[in-house]
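Reader: Hi! I'm new to this one and would love a friendly walk through it. Could you bring it up so we can look together?

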Amino acid sequence: MDDLFKLLMQNARFTNEQLAVMLGISEKEVAEQIEQYERSGMIRGYKPVVDWEKIDTERVVARIELNVLPKRDFGFDEIAKRIMMFDEVETIYLVSGTYDLAITVAGKTFKDVALFVAQKLSPMDGVTSTSTSFVLRKYKEKNIIIEDEETDVRGNASL
Amino acid sequence: MDYNRLLSQKVQEIKPSGIRKFFDIANEMTGVISLGVGEPDFKTPWSIREAGIESLEKSQTWYTSNAGLMELRREICHYLNRRFSLDYHPENEVVITVGGSEAIDLCIRALVNEGEEVLIPEPCFVAYTPVAQLCNAVPVPIVTKAEDHFRLTAQALKEKITPKTKLLILPFPNNPTGAVMRREHLEEIAEVLRGTDIMVLSDEIYAELTYNGNHVSIASLDGMKERTILVNGFSKSYAMTGWRLGYACGPAPVIQQMTKIHQFAIMSAPTTSQYAAIEAVKNCDDDIRRMANEYNIRRRLIVDSFNKLGLTCFEPEGAFYIFPSIQSTGLSSEDFCEKLLYAEKVAVVPGTAFGGCGEGFIRVSYSYSPSHIIEAVKRIEHFLQTL
């Protein structure tokens with residue numbers, strides 16, 4: 001991973017000017033490199049990391065473990081692609097272990113999410129079982145600590 | 001009781017740091033965005049911490065030999081050879097100390113007699129002068145200048161050498177200026193010292209943090225090893241300040257006397273830290289490089305930001321400090337720092353903390369994340385507009 005990419009992983013909102021200074025290259029080079037990341041699909045998008053507790057919106061997230069029957073010739077792709085069409089589904093991973101697909105689903109209330117699972121997900125062809133865990137508290141996301149600010153214990157001045 | 005009468009005269013005569021009051025205020029204020037610390041923000045790499053934990057689990061909780069674990073001394077010698085082409089014998093040319101600070105103390109005490117002169121390039125770290133004073137030696141400051149990129153020049157050195165000169169402190173890469181002595185600059189100094197009886201205490205604690213080429217130790221130059229005591233440690237390069245572990249390497253007769261003082265004052269450096277340090281020096285070259293690379297990114301950011309603010313600084317090549325001039329504001333260093341602290345809650349250190357010639361400068365640490373630095377610079381910019 002190159003240094004520009006690392007910096008964007010730290011904070012995607014550094015300006016091109018700041019990035020150029022930090023890396024000792026020109027702003028033009030920074031812009032070109034970022035465009036290259038985007039065009040090649042290395043970077044698919046930019047979104048803030050949010051502490052939803054601080055936002056006046058009803059929101060519930062659940063992680064759902066799915067067992068599915070893979071289709072001949074298509075494996076897990078076909079069912080995964082059908083599931084990801086739902087707006088409620090935020091992430092979907094094919095995983096190793098005791099189940100096949102790990103998905104996260106967001107809704108306004110517990111009931112919304114429960115109904116989504118019961119009415120949309122479970123009845124789908126090929127889904128053999130689901131196990132839903134509601135997220136109660138988020139401690140860390142994308143390397144950012146959500147709960148408390150990490151405090152600098154070094155004091156403000158030392159020699 | 002009249003403690004003034006009871007206490008050692010010499011100790012009482014040592015000046016407490018003039019900016020202690022400022023530090024007390026800064027350290028007690030909350031909501032401060034600081035650029036004031038002199039230690040890494042990184043955590044000690046996990047494998048090193050794990051080695052420390054493992055040593056505790058194995059009950060390795062006794063004293064080590066006075067000079068330190070032989071395995072650690074051996075690994076340090078390998079490391080110094082691999083990184084800086086230095087050759088030391090672990091048996092009698094290395095002593096493990098409680099931080100680089102103790103090594104500085106031991107070295108000065110082992111070498112100087114009453115009335116002898118210790119040359120100290122300033123601005124510099126604060127420990128050398130008081131230790132020399134405790135030995136009844138005479139600290140002789142050598143002023144280094146911004147126009148020389150705060151390097152020690154052969155000319156400035158020659159001017160201060162007298163028949164009483166015993167020891168030259170060579171604190172590079174430098175705290176607080178970030179100055180680095182490259183091979184050609186060291187060669188000039190070596191040329192002055194060869195053929196004299198002047199010893200060198202080369203404090204290379206920031207050796208791994210140089211940004212325009214590998215650090216060169218004066219001990220690696222022809223004819224210098226025999227007159228140099230190299231001080232280094234784990235605090236800065238491995239982010240291990242709290243482990244309190246450093247070392248000195250030098251000619252066996254000097255190390256022998258230093259170890260004698262160490263034996264009586266300290267016994268042996270912390271055992272847990274020594275085991276952790278074996279892991280550090282053996283297997284963590286990549287961690288050093290990762291952290292140094294990160295510092296370099298911040299260095300470019302902060303140098304550029306301060307120059308844009310009009311607080312000009314030369315490009316520092318080592319450590320993790322910049323030393324910008326604040327003379328354009330018309331304020332003294334201490335006034336500048338105090339006003340900035342109260343007005344914008346940004347902590348930086350007055351240059352005068354590191355010697356009188358630091359007047360007109362401040363020390364700014366970039367041992368902070370880029371986002372933190374950007375926020376602090378914004379506040380400083382606002383402060384400058386209100387002046």
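Reader: Let me jump right in: is the crossing of H3(B) and H13(B) left-handed or right-handed?
Author: The crossing of H3(B) and H13(B) is left-handed. A crossing counts as left-handed if the near helix is turned anticlockwise from the far one by less than a right angle, and as right-handed if clockwise. Before we go on, this is a predicted model, where local features need pLDDT of at least 70, side-chain atom pairs count only at pLDDT 80 or more, and totals for chains, interfaces and linings use all residues. Residues are numbered from 1 along each chain as its sequence is written, while chains are lettered from A and ligands numbered from 1 in the order in which they are written.

Reader: Good to know. What do names like H3 stand for?
Author: They are DSSP runs numbered from the N terminus: helices are H or I with at least four residues, and strands are E with at least two.

Reader: Back to that helix pair, then. At roughly what angle do the axes of H3(B) and H13(B) cross?
Author: They cross at roughly 15 degrees, and the axes come within 11 Å. The axes are lines fitted to C-alpha atoms, for helices over the stretch in contact, with angles running from 0 to 180 degrees between N-to-C directions. That angle makes H3(B) roughly parallel to H13(B). The cut-offs are under 35 degrees for roughly parallel, over 145 for roughly antiparallel, 65 to 115 for roughly perpendicular, and oblique for the rest.

Reader: And which residues make the contact between them?
Author: From H3(B) they are B:Phe22, B:Ile25 and B:Ala26, and from H13(B) they are B:Glu334, B:Cys337, B:Glu338 and B:Leu341. Being in contact here asks for C-beta atoms, placed from the backbone, within 7 Å. By class, this contact has five nonpolar, no polar and two charged residues. Nonpolar covers Ala, Val, Leu, Ile, Met, Phe, Trp, Tyr, Cys and Pro; charged covers Asp, Glu, Lys and Arg; the others, Gly among them, are polar.

Reader: How about H6(B) and H10(B): how do their axes cross?
Author: Helix H6 (residues 99-111) and helix H10 (residues 252-265) of chain B have axes that come within 9 Å and cross at roughly 115 degrees. The two are therefore roughly perpendicular to each other. The crossing of H6(B) and H10(B) is right-handed. Among the residues making the contact are B:Leu106 of H6(B) and B:Ile261 of H10(B).

Reader: Switching topic! How many residues of chain B are in contact with chain A?
Author: On the chain B side there are 22 residues, in contact with 13 residues of chain A. H12(B) gives the most to that side of chain B, with four residues. The side of chain B that touches chain A divides into 14 nonpolar, five polar and three charged residues.

Reader: Which domains does chain B have?
Author: The assignment gives domain 1 (3-44 + 287-386) and domain 2 (46-284); such bounds come from an automatic or database domain assignment. Their C-alpha centres lie 24 Å apart. Across the boundary, 33 residues of domain 1 of chain B are in contact with 36 residues of domain 2 of chain B. H12(B) supplies the largest share of the domain 1 side, seven residues.

Reader: And chain A?
Author: Chain A has domain 1 (3-40) and domain 2 (52-137). Their centres, taken over C-alpha atoms, are separated by 35 Å.

Reader: What is the strand order in the sheet of chain A?
Author: It is an open sheet of four strands in the order E2-E3-E1-E4, with antiparallel pairing. Two strands pair if DSSP finds at least two bridges between them. The edge strands are E2 (89-94) and E4 (127-134) of chain A, each pairing on one side only. E1 (residues 60-68) of chain A and E4(A) pair over seven bridges, and A:Glu65 has A:Ser131 in E4(A) as its bridge partner.

Reader: Last one: is the peptide bond from B:Glu122 to B:Pro123 cis or trans?
Author: That bond is cis, with omega near 0 degrees. B:Pro123 sits in the loop between strand E3 (117-122) and helix H7 (128-134) of chain B. Another cis bond runs from B:Asn175 to B:Pro176, with omega near 20 degrees. In general, most peptide bonds are trans.

Terms used: Contact = placed C-beta atoms within 7 Å.
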